[in-house]
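Me: Please take a close look at the place where the ligand sits, and go slowly, as I am new to this. I would also like to hear about the other hollow spaces.

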Amino acid sequence: MKYVSTRGSAPTLSFEDAMLSGLARDGGLYVPETVPQLSAGEIAALAGLPYEEVAFRVMWPFVGESFTEEELRGCIARAYAGFGHDARAPLTQLGPNHFLLELFHGPTLAFKDFAMQLIGQLFQTALSRSGERVTIVGATSGDTGSAAIEAFKGLGNVDVFILFPHGRVSEVQRRQMTTPPEANVHALALDGDFDDCQARLKDMFNHFDFRDGVRLAGVNSINWARVLAQVVYYFTAAVSLGAPHRPVSFTVPTGNFGDIFAGYIARQMGLPIERLVVATNQNDILHRCLTTGEYRTDGVTPSISPSMDIQVSSNFERVLFDVYGRDGKAVAQLMDELKTQGGFTVSQGAIEGLRALFGSGRASEDETRATIARAQETMGELLCPHSAVGVKVAEEQGIGATPMITLATAHPAKFPDAVEAAAGIRPDLPPRMADLFTRDERVTRVANDLGALESLIKERLAK
Ligand SMILES: *Cc1c(COP(=O)(O)O)cnc(C)c1O
C-alpha cells in the first residue's frame, strides 16, 4: 500500500514513512493510493468479535509491508489494554433509533486516545527497529495534546512537545498535559489561539532545515495513521446495529475533520453508511461551506466545546482532493488562496460531490447547553459539550428508520464547569485520575513566533 500527497508533488511513501513524517513535504496530507474494500461477507464476519480483532482486520490492508501481522496485533493489544471499558467503544441508546457511541473510556477521556495510544505503539515498534530518535511536535485545542503526552511519555526514542493556546483549554485538559513528570514531555502554552498553534506547527514542518535537524514527526490529526485508527469504531458500531444487512447513519462533532473523515473512509471501504453528518459549534466554517460553497475563515470565537474551536479544518483537504478528482494541483491552488486571501470558493462540481457525501448542522452555545440539560433530564445521560453539539444536530436531521449513531467524543468530566452550568450536576472524574488536581504542573509559556519556538525546542533537546 502506497500513500500519495493531496498536493501531488511530494514523494509517494509507505505506511510507516507516511506515519513518521505526518505532513507531506509539498505541504499536503498523505492519503492511500487506493482504498481497500471489505466485502459484505467480511463485514458480516466482524459481528461479535472483540474490538482488537476488528481493529486488526480493518487496518491490516492499509499497513502493507510496514509491520508484520504479529507486530500490528501486539501494538493493538497494548494500545487498548488501558481503556476503562472492555468493549472499548460501547454503544448506549439515547432515544428511539438514536444511539451514542462512547469514545471516552481511554486514559485521557476523549476519542483521541483511540488513535494516539495506537500510534504511540506503532512509533515505538518502528523506531526501536531502526534505532532512530524523533521529535514529536503537536498543536492542540486540548484533547490531542493530552492524548499524545499520555501515549508517548517515557518512550525511549521520542521527545514530545505540545503547543496549546494559553488560557483556552479546560483545567482538566491543561493538567493532563502539564502534570506528567516524564523528562521527554514538554507542554508549551502559546500566546494565541488554536489556529496559531496549528499555523506555527505547519511552519516548522515547512522549514526543512529545522525539520530534518530535529527529525520532526507529527501526530496531529493530519497523520494518516490516526485517521486509520478511527475507522475501526465506525465498523464496530455499525455491525452491532445490523450492518452490512442494514445501513446506519453517523453524526460527528467536528473540528479538524479527522474523525468524520475516518467515517468517510469506512464508507469507501464498503460499510453501508447512509448519512454522515458534520456537526459544528458556532465556529461553523464547515457547515457554512457545505451550505454555501464558500470556505472562508472569520476568526475563532471561544466556545464551551473548545476542541471544536477551529476555523481551518486540516483534514478537509483530504476530501477536497477526492471531490476534485484527485487533482493535487487544484488542491494546492485552493490552499494557496486560503493562505493569501483567507478563503476559497468550491467549484460547482466539487460542492455537489461534497453535499452527496455529507450532511451538516451547527449548534449555538445556548442550543448546546439546552441539549446537555435535556439529555440529563429525559435520558439520564450527562453529555460533554462536544457530544451535545452532535446530539442536537442529529436530532434536527430527523431520526428515521435508519439507526443514527452520534459520536460521544469526550467524557463530561473533562469539561465539568460547562456541564455543571448547563445540567446542574458536576461530573466526577473516574477514580483512576482523581488526584489530577493535586499533581504538580510543569509548563513553558511561549510567544506566537516561529524563531522563538524553534530555539526553545533545540535548547531542550540539547539537554
Ligand atoms: C478533537 C475533538 C473533536 C473534533 O474532532 P476532529 O477530528 O478534529 O474533527 C470533537 N470533540 C472532542 C472532545 C475532541 O477532542
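Reply: Let's start with P244, in the loop that runs between α10 and β9 (248-253); helices (H or I, at least four residues) and strands (E, at least two) are DSSP runs, numbered from the N terminus. The bond between A243 and P244 is a cis peptide, with omega at about 5°. Please keep in mind that this is a predicted model: local features need pLDDT of at least 70, side-chain atom pairs count only at pLDDT 80 or more, and totals for chains, interfaces and linings use all residues. Residues are numbered from 1 along each chain as its sequence is written, and side-chain values use heavy atoms, with hydrogens and water left out.

Two other backbone spots are worth finding. N97 is not a glycine, yet its phi is positive, about 60°; you will find N97 in the loop between β3 (91-95) and β4 (98-102). F257 is also a residue other than glycine with a positive phi, near 70°, and its loop connects β9 and α11.

F257 brings us to the ligand. A backbone N or O atom of F257 lies 3.0 Å from an oxygen atom of the ligand, which fits the cut-off for a polar contact (a pair of N or O atoms within 3.5 Å). G255 offers a polar backbone atom 2.8 Å from a ligand oxygen. For G258, the distance from a backbone N or O atom to an oxygen atom of the ligand is 3.2 Å. The ligand on its own has 380 Å² of accessible area, and the protein covers 98% of that (areas come from the Shrake-Rupley method with a 1.4 Å probe).

Now widen the view to the shell around the ligand. It has 15 residues, the closest being K112, D143, G255, N256 and T409; to belong, a residue needs a heavy atom within 4 Å of the ligand. By class, the shell has five nonpolar, seven polar and three charged residues. Here Ala, Val, Leu, Ile, Met, Phe, Trp, Tyr, Cys and Pro count as nonpolar, Asp, Glu, Lys and Arg as charged, and the others, Gly among them, as polar.

Next come the hollow spaces. Rolling a probe the size of a water molecule over the atoms shows where empty space is left. On a 1 Å grid over the protein atoms alone, a cavity is a set of points where a 1.4 Å probe fits but cannot get out, while a pocket is an open set with protein on both sides within 12 Å along at least five of seven lines; lining residues have an atom within 4 Å of a point. Volumes are the space filled by probe spheres set on the points, which are joined across faces, edges and corners.

Three cavities here reach 30 Å³ or more. The largest holds about 280 Å³ of space. It is lined by 26 residues, with F111, K112, G255, N256 and S307 closest to the centre. Two or more lining residues come from each of α6 (143-152), α10 (224-240) and α11 (258-269), and α10 gives the largest share, three residues. This lining has ten nonpolar, twelve polar and four charged residues. The ligand sits in this largest cavity, meaning that more than half of its atoms lie within 2 Å of the cavity's grid points.

The second largest cavity measures about 60 Å³. Its lining is made of L23, Q198, L201, K202, F205, N220, I222 and S314.

K202 turns up again at the largest pocket. That pocket has a volume of about 660 Å³, and among its 29 lining residues K202, V312, M335, L338 and K339 are closest to the centre. At least two residues each are supplied by α8 (194-206), α13 (316-323) and α14 (328-341), with the largest share, seven residues, from α8. The classes here are eleven nonpolar, eight polar and ten charged.

Last, the second largest pocket has about 330 Å³. Of the 20 residues along it, L20, S21, R25, R211 and R215 are closest to the centre, and α1 gives the most to the lining, four residues.

Terms used. Polar contact = N/O pair within 3.5 Å; in protein donor to acceptor, adjacent residues only side chain to side chain.
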